[in-house]
Amino acid sequence: MTDLHDLAARIRYVLVRTSHPGNIGSAARAIRTMGFARMELVAPHRFPDPEANALAAGADEVLASAGLHAGLVDGLAGSSLALGLSARRRGVNLPELSPREAARQALAAATRGEQVALVFGNERTGLENEELARCHAMVRIPSVDDFSSLNLAQAVQVMAYELRMALLGDEPPAPPPEHDEPPADAAQMEQFYRHLAQTLDDIDFHKGREPTTIMLRLRKLFQRAQPDERELRVLHGILADAQRMAGLANGR
Ligand code: SAH
């Protein structure tokens, strides 16, 4: 039996481009009260900062052990399921989950030994589309339409509460592992997208068109498939052969 502590340790809270250090402190307190400890900070505007410690109200250990990263991809390293919290639906066409359903899926993944990230955006601007594109699903706390945005730390609290309830609850046994190989992590997926983008260039797929939209669509497709490491090796193999053939065709 995996105990609660091991499961909680596989779940991280990723705060992206947070403006106010007080919110980082309040978020640390929120996750600590629900039995979590792992926080990753992506390009915070001010951190460390006494205001963060003041509002952590004793959860200083969470702040002291928080990872600091320049970009979201680093903050997601090692995780295979990323869930992006957003008050608005945005242009990104991701599946939308309630906090409860998100907690259920996060727990199922953690029970299989995977690492899970809950991703929260900047106080004013939320998560950018490029950041949501690195997530497998979007989570929306069902607030009212005409006043939908919660304070960042309060959104963290709602999600942490749902995760705690899922951990404590009489969950049905987790579904059997879907992968006999470990699922690819965020860094491996980024490497694959770089290879894919390069190959599309090499085979002249874009024909002068802007590649951004098609790359976002392809990301969505592969995020949905959640390939494991072996599947990713096969895809890399196919791309490498396509590049080789393109090289031959171009007389290189
Ligand atoms: N105007 C921004 C609000 C940012 S609030 C926007 O529309 O996204 C800061 C962060 O708190 C958000 O990026 C999100 O991660 C979280 N949050 C706030 N309200 C939320 C809600 N109703 N559902 C899900 N996440 C929410």
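Q: How do the residues of the shell around the ligand divide into nonpolar, polar and charged?
A: Keep in mind that this is a predicted model. The shell around the ligand is made up of 21 residues, and Leu85, Arg88, Ile141, Ser148 and Leu150 are the closest. Sorted by class, the shell comes out as nine nonpolar, seven polar and five charged.

Q: Which residue has a backbone N or O atom 2.8 Å from a nitrogen atom of the ligand?
A: Let's go through the backbone atoms. A polar backbone atom of Ser148 sits 3.0 Å from a ligand nitrogen, and for Leu150 the value is 2.9 Å. The 2.8 Å spacing belongs to Ile141.

Q: How much of the ligand does the protein bury?
A: Start with the ligand taken alone, which exposes 540 Å². Put the protein around the ligand, and the share of that area that gets buried is 95%.

Q: Which side chains meet in a salt bridge between the domains?
A: First find the two parts: domain 1 covers 4-168 and domain 2 covers 186-250. The count between them is one salt bridge. With an N to O distance of 3.5 Å, this fits the cut-off of 4 Å. The partners are Arg134 and Glu190.

Q: Which three residues supply 43% of the area that domain 1 buries against domain 2?
A: Contact here involves 10 residues of domain 1 and seven of domain 2. Together the domains bury about 870 Å², with 53% of it on carbon and sulfur atoms. On the domain 1 side, the three that supply more than any other three are Ala133, Arg134 and His136.

Notes. Residues numbered from 1 in each chain as written. Predicted model: local features only at pLDDT ≥ 70, side-chain atom pairs only at ≥ 80, totals over all residues. Heavy atoms only, no water. Domains from an automatic or database assignment. Contact = heavy atoms within 4.5 Å. Buried area = accessible area lost by both parts, 1.4 Å probe. Near = heavy atom within 4 Å. Polar contact = N/O pair within 3.5 Å; in protein donor to acceptor, adjacent residues only side chain to side chain. Areas by Shrake-Rupley, 256 points an atom, 1.4 Å probe, with all protein chains shown as cover. Nonpolar A, V, L, I, M, F, W, Y, C, P; charged D, E, K, R; others polar.
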